[in-house]
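Q: Could you take me through the largest pocket in close detail? I'd like to know which parts of the chain build its lining, and then how that spot sits within the rest of the fold.

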Amino acid sequence: MGPKARISRTKAVFIQAWWRGTLVRRTLLHAALRACIIQCWWKQKLAKLLEKRRRMSLESYARQEWAVVKLQSWVRMWCIRLRYCRLLHAVRIIQVYWRWHSCHTRGFIQGHYDLKENQLNLQLEISLGSQACRVQQCIPLPIKE
């Protein structure tokens with residue numbers, strides 16, 4: 001083998017090494033790109049999962065807050081209703097005693113009415129001391145059609 005053949009052989013080995021290196025680098029580049037694509041996909045999946053968890057947590061918190069507010073309003077309503085019923089009972093006791101007192105001293109008027117179709121049925125009882133007068137009257141109502 002002469003010097004020219006040796007140089008040609010060296011150049012051929014150099015070209016082959018360069019080509020193999022290029023193939024290896026291309027393979028590594030493709031593998032890195034695929035890994036990057038997979039990582040980006042995974043990050044998107046994790047972000048969506050995290051957003052879904054946040055939304056579910058927020059909805060759960062909102063439902064709990066709504067339930068607490070509703071429960072508080074029911075308790076407040078119950079307390080106010082209880083107080084109202086006590087006051088109403090006290091008012092009725094006072095009214096009974098006042099009416100009894102008024103009946104025995106001055107007299108009073110008591111009555112009720114029924115409204116049926118186009119007439120008013122009225123019943124009144126007027127008491128003055130020991131005397132009582134009952135009035136019952138049926139009044140027709142003018143209805144325009």
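A: Three strands share the job: S1 (108–116), S2 (119–128) and S3 (131–140) each put at least two residues into the lining of the largest pocket. Keep in mind as we go that this is a predicted model.

Residue by residue, the lining reads like this. Gln110, Gly111 and His112 are among the residues that line the pocket, and they fall within the range of S1 (108–116). Gln123, Leu124 and Glu125 belong to the lining too, and their numbers put them in S2 (119–128). Arg134, Val135 and Gln136 are also lining residues, and S3 (131–140) is the strand that holds them.

As for chemistry, the lining has five polar residues, along with two nonpolar and two charged ones. Leu124 and Val135 are the nonpolar pair, while Glu125 and Arg134 carry the charged label. The volume of this pocket comes to about 150 Å³.

How far can you trust the spot? The mean pLDDT of the protein chain is 87, with 89% of its residues at 70 or more. S1, though, has the lowest mean among the elements, at 77, whereas helix H1 (residues 3–105) has the highest, at 91. A general caution applies here: where pLDDT is low, the predicted coordinates shouldn't be read in detail.

Now step back to the whole chain. It has one helix and three strands, and along the sequence they run α-β-β-β, so the pocket's strands come after the helix in that order. Only 4% of the 145 residues count as buried. Among contacts with a separation of 6 or more, 7% link residues 24 or more positions apart.

While we're on the helix, have a look at its tryptophans. A search of the whole structure turns up two aromatic pairs. In one of them, the rings of Trp18 and Trp19 have their centres 6.1 Å apart and their planes at 45°, so the pair counts as tilted. Trp41 and Trp42 make the other pair, again with centres 6.1 Å apart and planes at 45°, so this one is tilted as well. That 45° lands between the 30 degree limit for stacked and the 60 degree limit for edge-to-face, which is why "tilted" is the word.

What about their exposure? Trp19 is partly exposed at 42% relative accessibility. Trp41, with a relative accessible area of 46%, is partly exposed, and Trp42 is partly exposed at 47%.

Notes. Residues numbered from 1 in each chain as written. Predicted model: local features only at pLDDT ≥ 70, side-chain atom pairs only at ≥ 80, totals over all residues. Heavy atoms only, no water. 1 Å grid on protein atoms, 1.4 Å probe; cavity = no way out; pocket = protein on both sides within 12 Å on 5 of 7 lines; lining within 4 Å. Points joined across faces, edges and corners; volume = space filled by probe spheres on them. Helix = DSSP H or I, 4+ residues; strand = E, 2+ residues; numbered from the N terminus. Phe/Tyr/Trp six-rings, centres within 6.5 Å; stacked < 30°, edge-to-face > 60°. Buried < 20%, exposed > 50% of the residue type's maximum accessible area, 1.4 Å probe, protein only. pLDDT = per-residue confidence, 0-100. Contact = heavy atoms within 4.5 Å.
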